[in-house]
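Let's take a walk through the pockets of this one. Keep the structure open and follow along.

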Amino acid sequence: ARAKREARLEEARAALERAPDDAELLVAYGRRLGSLGRFREAIAAFTRGIELHPDDARFWRHRGHRWISVHDFARARRDLEHAAALLEGRPEEPEPPSEPSTRAVEPDTLQRNVHYHLGLACWLAGDAEAAVKAWRTCATYSRGPDALCSVSHWLWCALRELGRDDEARAALAPIRADLGVVENGAYHALLLVYRGEKDADALLAETRAKGGASNDLATIGY
């Protein structure tokens, strides 16, 4: 998988060398750096994008995401709030996945991802109120089961943190065991725990048994 990502990065770099100011190519290059964990280089690429195309919300959205990756939550929040302001009143824009997939996941949108990551930046900085506001907006753009499960998990966490238990329970209302989730199985499983339909200790043991190759422990362990 890493070799494929490295090859896609080299393709993106070569394309960008031919057209260094092209917004699409800069976005692709920055995202591919990020997918390899080269977060500071990705931030530099998106910063260049902002300098060249300051009204393109994608650069603010992706740089905000990578500020989260390096734990600079204040900068992440500023960038993502700016992206949200740029997108206000505009029709939804599709956002392609960062990695090619053969699985039939519902298409994502730029608007959804801006508010999703804005919620994370606020939550990780300790501002649960602001996180709830961002995730409620995100939920309006979360139409498929995978999108619904990821935002519902975080919304539940933030509402519980604030002691708003009735609202947290209400956030679980659309969740069912048979949602047909494709990629966000860890979030779906956690939501079933919160609903009392799955045992937390059994879920954690199950996840640990998958070993280090699974990303689920990051979500379920948290």
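The second largest pocket comes in at about 290 Å³, and bear in mind that the model is a predicted one. Some 17 residues line this pocket. If you want to put your view right at the middle, pick Val27, Ala28, Arg31, Pro96 and Pro97, which lie nearest its centre.

Where does that wall come from? Helix H2 gives the most to the lining of the second largest pocket, five residues. H4 and strand S1 (94-95) are also on the list of elements that each supply at least two. As for chemistry, the lining of this second pocket splits into eight charged, seven nonpolar and two polar residues.

Now move over to the largest pocket, with its volume of about 2100 Å³. Its lining takes in 50 residues, and those nearest the centre are His65, Ser98, Glu183, Asn184 and Asn215. Plenty of helices chip in here: two or more lining residues come from each of H1 (2-18), H2 (23-35), H4 (57-69), H6 (110-124), H8 (145-161), H10 (185-194) and H12 (216-221). The largest share belongs to H6, which hands over seven residues.

Notice that H2 and H4 turn up in both stories: they supply residues to the lining of the second largest pocket and to that of the largest one.

What does the lining of the largest pocket divide into? You get 19 nonpolar residues, 16 polar and 15 charged. For the second largest pocket, set beside that, the charged group holds eight residues and the polar group two.

Key. Residues numbered from 1 in each chain as written. Predicted model: local features only at pLDDT ≥ 70, side-chain atom pairs only at ≥ 80, totals over all residues. Heavy atoms only, no water. 1 Å grid on protein atoms, 1.4 Å probe; cavity = no way out; pocket = protein on both sides within 12 Å on 5 of 7 lines; lining within 4 Å. Points joined across faces, edges and corners; volume = space filled by probe spheres on them. Helix = DSSP H or I, 4+ residues; strand = E, 2+ residues; numbered from the N terminus. Nonpolar A, V, L, I, M, F, W, Y, C, P; charged D, E, K, R; others polar.
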